[in-house]
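User: Please take me through this model label by label. I would like to hear what stands behind each term as we go.

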Amino acid sequence: MTSHAFDIRSAAPALATDLSSRFEAVRAQSERLAAPLAAEDQVVQSMTDCSPTKWHLAHVSWFFETFLLQPHLKDYKPKHPQFAYLFNSYYEAAGERHPRFARGLITRPTVAEVADYRAHVTDAMLRLLATIDESKVVEIAPVVEIGLNHEQQHQELILMDILNLFSRNPLNPVYMQRLDAPVREAAPLEWCDFEGGIFPVGHEGDGFAYDNESPRHDALVRPFRLASRLVTNSEWLKFMEDDGYRRADLWLADGWAKVNEEGWRAPLYWEERDGGWSAMSLNGLHPVDPHAPVCHVSFYEADAYARWSGNRLPSEVEWEIAARVQEPVGNTLGSGFLRPVPASRSEGRPAQMFGDVWEWTSSFYGAYPGYRPAPGAIGEYNGKFMMNQMVLRGGACVTPDGHIRATYRNFFYPHQRWAFAGLRLAQGF
């Protein structure tokens, strides 16, 4: 997952006691996610896009240390003078950093030493929140809020990255034993109609949001239809059987070049075995569930499939219009499945809008009208990435509970496949 920024004003009223409670909960969640991993698992970097688990755990601690503890906690001493160099990600204003592609070469500090670093930062943060002047709470609350949401994003990245690492191991390691999901066939695909018009889009200002969700603005939308559920594995298999990966007429030029360069012929992590397809997951290698949503496909693949089916991908505005009347709950991290599961019936509205897989849209990732990044290093969190990426919506089966909302904008480069990303079809009237 790539980065996001935040709406400072929306977090300002938070109380220090509430921040302390949520801070402890988020920090504990990260450590629970790392607990099933051996030390060896936490050090290796499987590709440049991924980072070792150990680095994620240290980086989110560096964030709190850099943007909260050093400026606001009197007499705070960093755990190590070079950790800022090792665990800065991309903040130019925060100083030099270790190259991203070489994070897997950092064998020291050890996993145990990173755990000590986390404890050092956690204790100091709780001390800061317990002792800071009441007048200062409003000042630091927005940065604490972004730190909490930032760590939740890295919780999802930990699971994405460890799956990529385990997928390269011939032993097909299991991160967590498979939890049985409801056994059901996917509901029939139906179409849900939406009227056109002028609609307000973006965050309204109540509660936390990243700054890429603002300013709220009006968008003109033509009437459209959304599929009642996500595209399933069985439907994707039909695309494959119809030579979908071999037909240049279905692909954007850059996508077709990537298909040939990488030799794509199925979603990432799929393997053909004994006349059928299996997929590597956080639960190990299992036969592909025909009724579950397809996952780990790039924008290029999603776009090609939509064209093959005679449909298109929705715009992010269309997706938001459909999603905003629903509660932002679904098959997310708390369900424990760690994989997409089949949809139930939609009951007249699109199902699976939240959770299961991030949904590719046809929208380029850019600024909303009137957008301005925050000043200083924190402003680098988002705005400078608004180029050459595509927007995804809705969250996934590894997204922390409570972390998503209808206005949430995720973004990836169109060729990337290691995210838990799938698709929903759309039509115009």
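**Labels and the values behind them**

Analyst: Alanine 34 lies in helix α2, a helix being a DSSP run of H or I of at least four residues and a strand a run of E of at least two, numbered from the N terminus. This is a predicted model: local features need pLDDT of at least 70, side-chain atom pairs count only at pLDDT 80 or more, and totals for chains, interfaces and linings use all residues. Residues are numbered from 1 along each chain as its sequence is written, while side-chain values use heavy atoms, with hydrogens and water left out.

User: Why is alanine 34 called buried?

Analyst: Its relative accessible area is 7%. Buried means under 20%, exposed over 50% and partly exposed in between, with a 1.4 Å probe and protein chains only, so alanine 34 counts as buried.

User: What does alanine 34 touch, not counting residues up to four places away in sequence?

Analyst: Alanine 34 touches Gln42, Thr53 and Leu57, where contact means heavy atoms within 4.5 Å. There is a long-range pair to look at as well: alanine 34 and glutamine 155 are 121 residues apart in sequence, yet 9.2 Å apart in space, C-alpha to C-alpha.

User: Are α2 and α6 roughly parallel or roughly antiparallel, and what makes them so?

Analyst: Happy to show you. Helix α2 (residues 16–34) packs with helix α6 (residues 134–167) at about 15°, and their axes are 10 Å apart. Axes are lines fitted to C-alpha atoms, for helices over the stretch in contact, and angles run from 0 to 180 degrees between N-to-C directions. Angles under 35 degrees count as roughly parallel, over 145 as roughly antiparallel, 65 to 115 as roughly perpendicular and the rest as oblique. The pair α2 and α6 is therefore roughly parallel. Their crossing is left-handed, a term used when the near helix is turned anticlockwise from the far one by less than a right angle, clockwise being right-handed.

User: Which residues make the contact of α2 with α6?

Analyst: From α2 they include Leu19, Phe23, Val26, Ser30 and Leu33, and from α6 they include Val137, Ala141, Val144, Leu148 and Gln155. By class, the contact of α2 with α6 has 10 nonpolar, four polar and four charged residues. Here Ala, Val, Leu, Ile, Met, Phe, Trp, Tyr, Cys and Pro count as nonpolar, Asp, Glu, Lys and Arg as charged, and the others, Gly among them, as polar.

User: How do you know how α5 runs relative to α6?

Analyst: The axes of helix α5 (residues 111–131) and α6 come within 13 Å and cross at roughly 150°. Set against the angle classes, that makes α5 and α6 roughly antiparallel to each other. This crossing is left-handed. Arg118, Met125, Leu128 and Leu129 of α5 make the contact with Ile140, Val144 and Glu151 of α6. Five nonpolar, no polar and two charged residues take part.

User: At what angle do α7 and α9 pack, and what is that arrangement called?

Analyst: Helix α7 (residues 233–241) and helix α9 (residues 299–308) pack at about 80°, with axes 11 Å apart. That makes α7 roughly perpendicular to α9. Glu235, Trp236, Lys238 and Phe239 in α7 meet Glu301, Ala302, Ala304, Tyr305 and Trp308 in α9. The residues of this contact divide into six nonpolar, no polar and three charged.

User: How many residues of α10 are buried, and what covers them?

Analyst: Helix α10 (residues 316–323) is mostly covered, with eight of its eight residues buried. Trp319 and Ile321 are among them, and so are Glu316, Glu318 and Glu320. The cover includes strands β1 (191–194), β2 (197–201), β3 (217–221), β4 (224–227), β8 and β9.

User: What makes β1 and β12 edge strands?

Analyst: They belong to an open sheet of three strands in the order β1-β4-β12, with antiparallel pairing. Two strands pair if DSSP finds at least two bridges between them. Both β1 and β12 (426–428) have a single partner strand, so one side of each is left without a neighbour in the sheet. The twist averages 25° from one strand to the next. Three bridges join β4 to β12, and leucine 226 stands opposite alanine 426 in β12.

User: How many bridges join β8 to β9, and β5 to β6?

Analyst: Three bridges join the antiparallel strands β8 (residues 358–364) and β9 (residues 390–393), with tryptophan 360 opposite leucine 392 in β9. Four bridges join β5 (residues 270–273) to β6 (residues 276–281), also antiparallel. In that hairpin, with two residues between the strands, aspartate 274 takes a positive phi near 50°.
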